[in-house]
Amino acid sequence: MKGPVLEVRDLHVWFDGPGGRDVHAVRGVSFDVRPGDRLALVGESGCGKTTTVLAVLGLLGAAASVSGSVRVDGQEVLPGGDAAMAPYRWGDLSIVFQGALNALNPVRTVGSQIAEVLPRDRRVSRRAALRQAGELLERVGMAARNVARYPHELSGGMRQRACIAMALAGEPRVLFADEPTTALDVVVQAQILELLDRLADELGLAVVLISHDLGLVGQLCDRAMVMYAGRAVEEGPTVGLYTAPRHPYTRLLYEATPVLGAERPLRSIGGGPPALDVPLAGCAFRSRCPDTEDRCSLTEPALTPVAPARRAACHLTGRTP
Amino acid sequence: MALITIFCAVSLNFLLFRVVPGDAVSNLARVPNSTVAQQQALRHEFGLDRSIGAQYVAYLRELAHGNLGRSFANGQPVSKNLGEALGNTLPMVLLGTVVAIVAGIATGVLGAVRRGTRTDRALTVSSLAVYALPAQWVGLLLLFLLGGVFPSGGRVDEFLIEPSAWQHAVDVLWHMTLPSLVVGLTLFGQYALLTRTATLETLSEDYVLTARAKGLSTPRIVRRHVLRNAMLPISTMIALTLGSVVGGVVLIETVFSWPGIGRAVYSAVTSRDYPMLQGAFLVLTVVVVVCNYVSDLVCLRLDPRITA
């Protein structure tokens, strides 16, 4: 087994808040990505999934402070900032953003935006670079002539395909996909997912999918990390997470996901995630948790092994099989 | 569209001079001992006894032939007077504008990229200060500071005898420096502030985040993903200000005795030179409309989303 491409340890992110009330958006997240991995970060909006990924890629900007450790091929990149991260961007770690219309520059052609991230030896001439870009577009199921088109001339699904082609241009080893199918209709959603699946197989890419949709996660990923309030609350193989969730949040999240043909009521999780600009006492999920004990409001449960390759952060895990 | 605008402006321009109290003759005829009969004869000669409609048609016909009438003040054709004045104003204003564009955009982008730093604050404050200063005051200040280095007024050195074309050009450029600098300074502040705002707005776009994720360096991101997008509002603004500056150089041209269109308008007003004034208004209207048209063309080039 090869070593991990990416190791993230105890990642914390604070955002400057008004009046010095800093928001602790990511609170100690750790994960590994090995070559060919299919990992998902799951959770509802505002639980820190996207922030985690942006922090790993060093894209959060000056308003955020990040601590912990991010290693690419064993090389620490976090304290070095932009300069340390830059060599790994796109070449090793690339990303497909949510909302493909805004992720592409509206005044430049799709081809030129793909061509500018091709490895240097591949774009000896403009013509060669554009041909390469065309080949990448064909790879994601688009006609090569789309290189000359502008983003607004493409449909939503095509734009997302173009973004994926662009993400592949640097021949990355890890592809982050941040809600790659939001704002797309179900048919296109399935196509994009199938495309990511195929590309990951063909190119030996590791995929890190960020999603709130457990259906998608189950289709594409074999391992998932469920996040809540900036923390991982449960992680393990996706199959096990669905069939035997060890954290009440995972269970409720699954019950809130509609499944075609399943004879069960669709439930929603009452309330919302806690505010992160004040220190949390006890378990972050307790206000929405159906079964709490006294100790839930006293100490925050740690992420502990509950089964082979499974970890959960719940005081009652032992009792909720 | 631009042609329709110009046509409307021409018509309004015509009407404006018909509704002012008194006509050209009542002014000319303020000569002692002029009789009513003489005034009528003059009116007839100028065609002022005909109906408004007929006058309008005649005006349009002559305009179509490029005839703007003759100046009351010096008897020269208005088109010749205005041509000369515009020929003096345009290079001076353009030079100033180019200086302002280059300096303003550089300043604005630098401020936006270094947002919140001391550099940004210093640039923003100085742009605001320059923006707030009245042009004629800046002119006087520059005269006071640099009057010894650069010529303080006029367009050419009257004492140069039979200069070569090259000498003449250098001489004109030398005289142009101060007034152009004033034009440049007054525009610089606006351009710098707008560029900063537009750049900041563009920098917060998702595709700039994409560009950063792609590992592009900051200068490259600015050049390839920010500047062109930010140029859209800036180019519109440049075109708009250019149009109004050509019409608004009266004060600067007065301070530097620059024989341009601003001074032509000013002296036409003081001497009630109606044909000159009417012609000048027309020319200024055309300049503004042309500038807007050019800005539309530029936006069309810059932004593929806009279609003609």
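Modeller: Two strands pair if DSSP finds at least two bridges between them. Strands are DSSP runs of E (at least two residues) and helices are runs of H or I (at least four), numbered from the N terminus. This is a predicted model, in which local features need pLDDT of at least 70 and side-chain atom pairs count only at pLDDT 80 or more, while totals for chains, interfaces and linings use all residues. Residues are numbered from 1 along each chain as its sequence is written, chains are lettered from A and ligands numbered from 1 in the order in which they are written, and side-chain values use heavy atoms, without hydrogens and water.

Colleague: Thanks! What makes strand 3 and strand 9 of chain A a pair?

Modeller: Strand 3 (residues 38–42) and strand 9 (residues 223–228) of chain A share four bridges in the parallel sense, so they satisfy the pairing rule. Within this pair, A:Val42 stands opposite A:Val226 of strand 9.

Colleague: Which sheet do the strands of chain A form, and what makes some of them edge strands?

Modeller: Eight strands form an open sheet with mixed pairing, in the order 6-7-8-3-9-10-12-11. Strand 6 and strand 11 (304–307) of chain A each pair on one side only, which is what makes them the edges. From one strand to the next the twist averages 25 degrees, using axes fitted as lines to C-alpha atoms and angles on a 0 to 180 degrees scale between N-to-C directions.

Colleague: What are the neighbours of strand 7 in chain A?

Modeller: On one hand, strand 6 (residues 93–96) of chain A pairs with strand 7 in the parallel sense over four bridges, and A:Ser94 has A:Leu175 as its bridge partner. On the other, five bridges join strand 7 to strand 8 (residues 206–211) of chain A, also running parallel; there A:Val174 is partnered by A:Ala206.

Colleague: Why is the crossover between strand 7 and strand 8 of chain A called right-handed?

Modeller: The chain leaves strand 7, passes through helix 7 (residues 186–203) and enters strand 8, making a right-handed β-α-β crossover. The name applies because, with the strands pointing away from the viewer, the path from the first strand over the helix to the second runs clockwise.

Colleague: How do you know whether strand 7 of chain A is enclosed or open?

Modeller: Buried means under 20% relative accessible area, exposed over 50%, and partly exposed in between (1.4 Å probe, protein chains only). Five of the five residues of strand 7 (residues 174–178) are buried, so the strand is largely enclosed by the rest of the structure. In a regular strand the side chains alternate between the two faces of the sheet. Here A:Val174, A:Phe176 and A:Asp178 are buried on one side, and A:Leu175 and A:Ala177 on the other.

Colleague: What makes a space a cavity, and how many does the structure hold?

Modeller: On a 1 Å grid over the protein atoms alone, a cavity is a set of points where a 1.4 Å probe fits but cannot get out, and lining residues have an atom within 4 Å of a point. Three cavities of 30 Å³ or more are present. The largest has about 90 Å³ of space, volume being the space filled by probe spheres set on grid points joined across faces, edges and corners. Its lining includes A:Arg27, A:Tyr228 and A:His247, and strand 10 (residues 231–237) of chain A gives the most, with three residues. The second largest cavity has about 60 Å³; among the residues nearest its centre are A:Cys283 and A:Cys289.

Key:
On a 1 Å grid over the protein atoms alone, a cavity is a set of points where a 1.4 Å probe fits but cannot get out, and a pocket is an open set with protein on both sides within 12 Å along at least five of seven lines; lining residues have an atom within 4 Å of a point.
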